[in-house]
Protein chains: 2
Amino acid sequence: MRTHYCGLIDEALIGQTVTLCGWADVARNLGGVCFIDLRDHEGIVQIVAEPGEAEGNADVVAIAETIGYEDCLRITGTVRRRHNPNTKIATGQVEVVATAIEVVNKAAPLPFHAHENPGEETRLRYRYLDLRRPEMQRMQRTRIRLVQALRRWLDARGFQDIETPILTKATPEGARDFLVPARMHAGEFYALPQSPQLFKQILMVAGFDRYYQIARCFRDEALRADRQLEFTQLDMEFAWVREPDVQDAVEGMMRTVFKEVIGVDLAAPFPRMTWAEAMRRYGSDKPDLRIALELVDVADLVRDSGFAVFADAANDAEGRVAALRIPGGATLSRKQIDEYAAHAAKFGARGLAYIKIDAAGEVSSPIRKFFDDAAFAALVAHVGAGNGDVVFFGAGGYNRVSDFMGALRLKAGKDFGLVEDAWKPLWVTDFPMFEFDDEAQRYVALHHPFTAPAVDDIDDLRANAKTAVSRGYDMVLNGNEIGGGSIRIHRPEMQSAVFELLGIDAEEAQAKFGFLLDALKYGAPPHGGIAFGIDRIAALMAGTESIRDVIAFPKTTGAQCLMTGAPSPIAEAQLAEVHVAVRPKG
Amino acid sequence: MRTHYCGLIDEALIGQTVTLCGWADVARNLGGVCFIDLRDHEGIVQIVAEPGEAEGNADVVAIAETIGYEDCLRITGTVRRRHNPNTKIATGQVEVVATAIEVVNKAAPLPFHAHENPGEETRLRYRYLDLRRPEMQRMQRTRIRLVQALRRWLDARGFQDIETPILTKATPEGARDFLVPARMHAGEFYALPQSPQLFKQILMVAGFDRYYQIARCFRDEALRADRQLEFTQLDMEFAWVREPDVQDAVEGMMRTVFKEVIGVDLAAPFPRMTWAEAMRRYGSDKPDLRIALELVDVADLVRDSGFAVFADAANDAEGRVAALRIPGGATLSRKQIDEYAAHAAKFGARGLAYIKIDAAGEVSSPIRKFFDDAAFAALVAHVGAGNGDVVFFGAGGYNRVSDFMGALRLKAGKDFGLVEDAWKPLWVTDFPMFEFDDEAQRYVALHHPFTAPAVDDIDDLRANAKTAVSRGYDMVLNGNEIGGGSIRIHRPEMQSAVFELLGIDAEEAQAKFGFLLDALKYGAPPHGGIAFGIDRIAALMAGTESIRDVIAFPKTTGAQCLMTGAPSPIAEAQLAEVHVAVRPKG
């Protein structure tokens with residue numbers, strides 16, 4: 001239907017006849033001459049319909065006068081040099097003098113114009129109009145180029161792209177499983193996979209050696225700004241490997257794709273940090289290294305202070321007293337400090353002690369009174385506070401203090417413009433194998449129950465479960481966990497022992513994961529892998545906060561598709577065919 | 001963990017020390033010398049553990065003596081030339097003399113050996129063992145290479161790989177929809193997509209111009225040998241196109257990938273045939289052109305015969321009397337002819353008339369008596385029957401006769417070895433727009449309700465719905481419909497008119513497809529596309545009848561995954577969370 005793309009018309013085509021197809025971005029009539037900005041996926045070119053002697057010319061102008069926003073047009077004309085070049089567009093040196101205009105499909109008056117950005121509800125309802133905006137096109141295309149670059153890298157290295165099932169087995173108690181009733185098996189259900197974890201391990205047992213998949217995964221949970229019910233992972237697994245084999249490979253992959261897609265050079269090699277160090281220095285297992293601020297432990301300096309909150313935590317083997325110095329933070333008002341306290345409270349703080357030293361060296365601090373001069377001076381010196389600074393303190397259980405002090409660090413970084421404009425990747429390693437769930441009074445897996453412990457000896461693991469370290473690793477970029485993986489358990493006895501430590505008895509293990517335990521019995525090689533969050537990485541590359549901008553048809557935080565109206569009620573007869581009924585409320 | 005792959009050890013490495021990882025394919029002890037065939041994804045190499053003077057050598061032999069089938073091993077040794085080369089394997093000129101053997105993971109006694117092919121149930125239950133068989137590896141890798149070749153072609157031509165939702169809107173009365181209860185919306189459901197059809201059309205409206213996706217699709221129906229609950233399509237859509245734009249492009253794509261993946265040159269260009277011609281000559285809308293047999297219409301010759309079955313059909317404007325000559329078919333016994341009749345009956349035949357002419361020219365035929373000599377001779381001459389042939393006849397409604405005579409043609413082709421060893425692609429075009437559903441007493445869409453009619457005029461379509469032809473096209477290869485597509489309706493009035501002809505009133509259309517009708521209103525370009533069945537194409541390329549062989553984790557015809565045990569019953573508490581209950585039987 002066309003000879004060229006609108007956005008690619010250039011001076012080399014001057015004098016030639018072209019046929020173009022696209023949308024009327026803008027149409028205007030200036031003293032009898034009509035100008036149409038014709039847009040396609042490559043860009044915009046100016047069309048001119050002007051009165052003249054040529055046959056049919058009056059028709060062309062007459063049609064041009066009727067053109068409205070977003071009409072679909074097919075236009076034939078001659079390329080000529082513009083009198084007034086438009087340097088803002090790539091085709092700005094030329095224009096096309098129309099000899100024929102066909103209105104292929106007239107557009108009704110639009111709910112909003114493609115150059116506007118109405119509220120997100122409207123954007124999602126009319127997603128097809130929103131996606132026409134150049135900014136949305138750019139973000140979608142960034143994602144597409146990311147996936148292409150990843151596949152190029154993987155295909156060139158012999159990774160096998162293998163599809164795993166979407167209709168799979170439900171995990172008993174799988175609180176986040178989506179369930180799918182089975183028409184052929186009344187009363188039974190499939191589940192949508194939260195990840196292809198077990199299938200990729202099975203593929204290693206099956207001898208595929210190197211696997212990847214751009215895999216759709218599903219998690220039925222209340223949506224947050226950065227979560228969707230369905231999301232996309234680059235899922236990878238390697239046989240016959242140890243940690244560096246996986247880490248070095250995917251680190252190189254990330255460097256390649258960041259360079260290819262957005263021209264960014266990531267550090268080589270990525271820094272590495274244990275989980276313990278990340279928690280200690282940054283109060284986070286996904287530290288944002290663009291912010292130079294660090295937590296400082298002060299337990300030794302407050303152990304004997306009169307402030308019980310500090311002294312108790314300092315004297316508790318599982319406690320922590322940490323300080324965060326914010327250079328220039330003394331400008332914070334009392335009200336602003338209260339806001340910091342409220343922010344910390346969201347992450348579990350019960351209060352927020354501070355020391356403020358104004359430009360003149362004047363100290364204001366609710367905890368000053370608990371220290372004698374020498375002890376206070378030592379504390380100030382230890383955290384490196386000087387005139388103009390504020391220092392926040394947190395005291396309590398180790399993980400809780402780390403969490404809220406880490407959250408304060410991020411807030412301070414943003415508030416004080418301390419976030420470096422840079423790309424700061426790192427590896428976080430040596431995660432705890434287990435976390436003790438106080439509510440359930442049992443261990444839960446910090447990664448997942450298939451992650452190998454650092455020790456090979458089962459008795460050793462049993463004896464030291466509380467402090468056991470796993471062979472898990474996360475790739476972190478600018479405060480986002482963009483990839484998480486581990487070396488897996490490949491010996492059935494170890495897998496059984498870990499299930500047992502997690503409170504899963506042999507019968508339950510067989511019911512849930514019998515096929516995995518079987519597979520490990522019949523010659524399972526050592527293996528490990530990683531999964532990357534494509535939506536998040538694409539959002540980072542596209543420079544947007546919201547992953548919804550890099551998903552063509554996202555759902556709202558209310559789990560709805562506003563365009564199609566999913567989910568929706570279903571007629572009884574259709575439900576009966578799959579053997580389910582809606583459960584009465586209450 | 002390794003320096004080389006087993007299957008790639010060659011003479012260039014003689015004298016070098018290598019470390020290999022893999023499975024013990026076979027292990028045997030010949031007079032104190034142990035031989036292990038070590039296998040990885042690249043192939044097999046022979047390992048030798050022999051008594052000797054070197055330190056640790058006795059250990060190596062002792063370990064080698066304990067090796068069983070499928071043990072996971074890590075072996076270091078020196079490459080040397082074999083005394084007795086094995087020409088059956090790529091590494092057959094060399095062997096590796098082990099200096100260290102590590103049993104990385106011992107395998108339990110296997111349910112079956114990797115060289116065996118037990119029943120399909122066992123294969124599917126222990127899929128990880130089945131997939132280790134070189135033949136299964138080859139078939140899976142054929143599929144992987146197919147998808148890679150397709151992506152290479154598409155990416156190089158600016159097709160945008162865009163993901164569309166898996167959790168989407170249920171179609172009211174969508175008898176084949178999988179339903180997914182929504183946790184956040186009690187009583188509402190998502191559905192899994194039968195195809196991304198509407199989303200890809202929306203993407204064209206959104207200005208993406210060229211789209212593709214290797215898309216998982218879902219159809220909840222009783223499984224046949226060649227169907228799965230979930231299947232994979234190469235889904236494509238083009239904006240601003242007419243039929244040849246789509247057809248020429250994807251035809252070139254198929255030629256490229258067949259050449260790249262299995263070295264086959266497909267015809268250029270593919271033959272094209274209307275639906276009417278395909279039904280007339282081959283009794284099928286997906287004719288297998290490897291079989292030279294064709295149907296011959298004989299209505300004109302039997303119109304006045306005394307055989308009412310023939311005469312009635314011949315005199316009915318919607319009837320058909322067709323003949324199929326099978327050269328050499330006179331060898332068929334009475335019992336075999338009965339089998340042909342039974343086969344035809346499965347496809348709707350109520351009887352099967354025939355004429356058999358033996359080698360001596362003797363005629364046996366239950367319909368001989370209905371014709372005088374001249375009429376009979378004319379009939380025999382018209383179908384070209386000679387000594388040694390059999391001719392089958394079908395009479396009745398046009399489509400029914402075409403169906404069962406087409407089925408006989410395929411059976412005869414196979415039975416008489418008349419299937420050429422070749423790749424025979426073609427396009428089938430000009431499908432009827434509608435089919436009249438006798439049961440529902442209304443029109444149904446032959447492709448789908450978004451397919452454009454050949455006529456642009458709505459009144460014309462309404463007036464001639466019965467004979468209207470669509471702008472649909474199928475790509476057929478060796479009797480398989482491997483791709484189906486169409487130019488779509490892009491004008492909202494035409495879409496509404498087609499819905500109306502299909503008995504979908506305005507209210508229902510709005511409820512089901514309101515977002516599509518809206519999208520067509522706001523500047524929808526002409527567009528069209530196609531979808532290819534990846535599972536089927538991979539099976540054809542891999543040379544297997546069953547698509548299960550090219551799916552890593554397929555379900556049975558009973559819709560079950562024998563490895564994981566999906567689907568499975570779900571506890572009441574978990575069902576309550578998603579607001580459904582199992583419906584009592586009856």
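These questions and answers look at how two chains meet in a predicted model.

Student: By what turn can chain A be laid on chain B, and what kind of axis is that?
Tutor: Laying chain A on chain B leaves an RMSD of 0.1 Å. The shift along the axis is 0.0 Å, and the turn is 180°. That is therefore the relation of a two-fold axis.

Student: What percentage of the contact residues of chain A recur in chain B?
Tutor: The same surface serves both copies. Chain A gives 130 residues to the contact, and chain B gives 130 residues. The share of chain A's contact residues that recur in chain B is 100%.

Student: How is the size of an interface often given, and what area do chain A and chain B bury between them?
Tutor: Interface size is often given as the accessible area lost when the parts come together. Here 59% of that area lies on carbon and sulfur atoms. The buried area is about 10,900 Å².

Student: Which three residues supply more of the area that chain A buries against chain B than any other three?
Tutor: Together the three supply 8% of the area that chain A buries against chain B. They are Trp240(A), Tyr522(A) and Arg583(A).

Student: How many salt bridges are there between chain A and chain B?
Tutor: Take one example. Glu163(A) and Arg216(B) meet through their side chains in a salt bridge, at 2.8 Å from N to O. The count between the two chains is eleven.

Student: Which helix gives the largest share of the side of chain A that touches chain B?
Tutor: That side divides into 71 nonpolar, 26 polar and 33 charged residues. The largest share is nine residues. They come from residues 134-156 of chain A, helix α4.

Student: In β8(B), what is the bridge partner of Pro569(A)?
Tutor: Strands of a sheet pair through backbone hydrogen bonds, either parallel or antiparallel. Strand β23 of chain A (residues 568-569) and strand β8 of chain B (residues 188-191) pair in the antiparallel sense, over two bridges. The partner of Pro569(A) is Glu188(B).

Student: Which are the edge strands of the open sheet of eight strands in chain A?
Tutor: The order is β6-β9-β10-β22-β21-β20-β17-β11, with mixed pairing. Each edge strand pairs on one side only. The edge strands are β6 (160-161) and β11 (272-274).

Student: Which residue in β22(A) stands opposite Leu234(A)?
Tutor: Strands β10 (residues 230-239) and β22 (residues 527-533) of chain A run antiparallel. Seven bridges join them. Opposite Leu234(A) stands Phe532(A).

Terms used. Residues numbered from 1 in each chain as written. Chains lettered and ligands numbered in written order. Predicted model: local features only at pLDDT ≥ 70, side-chain atom pairs only at ≥ 80, totals over all residues. Heavy atoms only, no water. Least-squares fit on C-alpha atoms with pLDDT ≥ 70 in both. Contact = heavy atoms within 4.5 Å. Buried area = accessible area lost by both parts, 1.4 Å probe. Salt bridge = Lys/Arg side-chain N within 4 Å of Asp/Glu carboxyl O. Helix = DSSP H or I, 4+ residues; strand = E, 2+ residues; numbered from the N terminus. Nonpolar A, V, L, I, M, F, W, Y, C, P; charged D, E, K, R; others polar. Pairing = 2+ DSSP bridges.
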